[in-house]
Amino acid sequence: MTRRLAGPVAYLPVWEAMRSYTDQRDAQSGDEIWLTEHTPVYTLGQAGKPEHLLCPGDIPVVQCDRGGQVTYHGPGQIMAYVLFDLRRVGIHVRDYVYRLEQGVLDALESWGLAGACRQAGAPGIYVPLDGQTPLPALPGQPAANVGKVAALGVKIRNGRAYHGVSLNLAMDLEPFGRINPCGYAGLRTVDLAHFGVQREFGAAGDELAASLWRNLLA
């Protein structure tokens with residue numbers, strides 16, 4: 001089931017609702033994807049390092065329980081929270097992350113965005129800058145000539161996943177300049193509008209969710 005949460009909405013209540021759903025669900029509970037967008041917030045992963053918050057200013061910071069370092073959420077960014085029982089379908093975490101990434105890649109391809117790719121050792125989806133061919137990933141970080149358009153953060157509890165995917169549709173990217181996005185100094189963050197992809201927010205969210213479902217249930 002896919003649910004739409006009216007937004008932009010504050011981050012903390014959605015995070016609390018995800019944890020509550022995961023804690024209370026049983027073997028018969030359905031998997032869900034929640035679609036929304038947030039009011040401006042920085043989220044720092046469970047083992048996130050505060051030094052990657054360079055100058056947060058008046059944007060609140062929430063330390064949460066997903067994996068990964070720091071990222072920014074704000075209006076114009078599609079949040080797809082995936083509440084999925086990995087144990088029930090026998091998916092391992094690495095395969096789960098791969099399927100989430102592939103869901104994003106498939107959606108981007110359907111929207112006509114060429115060249116979107118993975119970067120080894122740096123979860124998420126990247127796009128070559130200025131029409132360049134993506135270089136190989138650097139040790140411990142993405143290549144210098146790609147921009148990050150989608151981030152992943154997951155938490156697995158008792159074989160069940162929550163958190164999910166953020167996809168930058170058309171947003172104010174300035175707050176990303178106040179952090180080391182996902183812990184990578186100098187990483188450029190981009191949105192789809194930069195590449196001429198124009199999608200209505202609600203329709204884009206529905207299409208992204210459908211693509212994620214196709215990959216998760218394949």
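Select Pro-75 to begin: at 36% relative accessibility, this residue counts as partly exposed. You are looking at a predicted model.

**Stop 1: Pro-75**

Find the loop between β5 and β6, since that is where Pro-75 sits. Now show what surrounds Pro-75. Beyond its neighbours within four places in sequence, the residues in contact with Pro-75 are Pro-8, Glu-37, His-38, Pro-40, Ala-170 and Met-171. Pick out Pro-40 from that group. Pro-40 and Pro-75 are 35 residues apart in sequence. In space, their C-alpha atoms are 7.0 Å apart.

**Stop 2: the largest nonpolar core**

Next, go to the core. The largest nonpolar core has 37 residues. Select Tyr-96, Leu-100, Leu-108, Val-149, Leu-167 and Leu-192, which have the most contacts inside this core. Which elements each supply at least two residues of the core? Colour these: β2 (32–36), β6 (77–85), α3 (93–110), β7 (125–128), β8 (146–157), β9 (160–168) and α4 (201–216). Of these, α3 gives the most to the core, with seven residues.

Zoom in on Tyr-96. Set aside its neighbours within four places in sequence. Tyr-96 is then in contact with Val-82, Phe-84, Leu-86, Ile-91, Val-154, Ala-161 and Leu-216.

Another core lies apart from the largest one. This core has 13 residues. Select Met-18, Tyr-21, Cys-64 and Tyr-81, which are among them.

**Stop 3: helix α4**

Move on to two residues of one helix. Gly-205 is in helix α4, and Ala-210 is in helix α4 as well. Is Gly-205 buried or exposed? Gly-205 is buried, with a relative accessible area of 5%. Ala-210 counts as partly exposed, at 30% relative accessibility.

Show the contacts of Gly-205. Leaving aside neighbours within four places in sequence, they are Leu-35 and Ile-78. Then draw a distance from Gly-205 to Thr-36. The two are 169 residues apart in sequence, yet 8.2 Å apart in space, C-alpha to C-alpha. Draw another from Ala-210 to Arg-160. These residues are 50 apart along the chain, and their C-alpha atoms are separated by 20 Å.

**Stop 4: the cavity**

Now look for empty space. Rolling a probe the size of a water molecule over the atoms shows where such space is left. How many cavities of 30 Å³ or more are there? The count comes to one. About 70 Å³ of space lies in the largest cavity.

Select its lining: Thr-71, Gln-77, Lys-148, Val-149, Ala-150, Ala-151, Ser-166, Asn-168, Phe-176, Pro-181, Cys-182 and Thr-189. The elements that give two or more residues to this lining are β8 and β9. The largest share, four residues, comes from β8. Colour the lining by class. You will find six nonpolar, five polar and one charged residues. Val-149 may look familiar: it lines this cavity and was among the core residues with the most contacts.

**Stop 5: the largest pocket**

Turn to the largest pocket, with a volume of about 410 Å³. The pocket is lined by 26 residues. Which of them are closest to its centre? Select Gly-67, Gly-68, Leu-152, Gly-153 and Val-154.

Now colour the elements around the pocket. β5 (70–73), β6, β8 and β9 each supply at least two residues of the lining. The largest share comes from β8, with seven residues. By class, the pocket lining has 13 nonpolar, ten polar and three charged residues.

**Stop 6: the cysteines**

Finish with the sulfur atoms. How many disulfides does the structure hold? The number is zero. Select Cys-55, which is in no disulfide. The nearest cysteine sulfur to that of Cys-55 belongs to Cys-182, 19 Å away. Cys-55 is partly exposed, with a relative accessible area of 47%.

Now select Cys-117. Why does Cys-117 have no bond to the closest cysteine sulfur? The closest cysteine sulfur, in Cys-182, is 14 Å from the sulfur of Cys-117, so the two are too far apart for a bond. Cys-117 counts as buried, at 15% relative accessibility. Before you leave, return to Cys-182: this residue is also part of the lining of the largest cavity.

Definitions and conventions: Residues are numbered from 1 along each chain as its sequence is written. This is a predicted model: local features need pLDDT of at least 70, side-chain atom pairs count only at pLDDT 80 or more; totals for chains, interfaces and linings use all residues. Side-chain values use heavy atoms; hydrogens and water are left out. A nonpolar core is a set of buried Ala, Val, Leu, Ile, Met, Phe, Trp, Tyr and Cys residues joined through side-chain atoms within 4.5 Å. Buried means under 20% relative accessible area, exposed over 50%, partly exposed in between (1.4 Å probe, protein chains only). Contact means heavy atoms within 4.5 Å. On a 1 Å grid over the protein atoms alone, a cavity is a set of points where a 1.4 Å probe fits but cannot get out, and a pocket is an open set with protein on both sides within 12 Å along at least five of seven lines; lining residues have an atom within 4 Å of a point. Grid points are joined across faces, edges and corners, and a volume is the space filled by probe spheres set on the points. Ala, Val, Leu, Ile, Met, Phe, Trp, Tyr, Cys and Pro count as nonpolar, Asp, Glu, Lys and Arg as charged, and the others, Gly among them, as polar. A disulfide is a pair of cysteine sulfur atoms within 2.5 Å.
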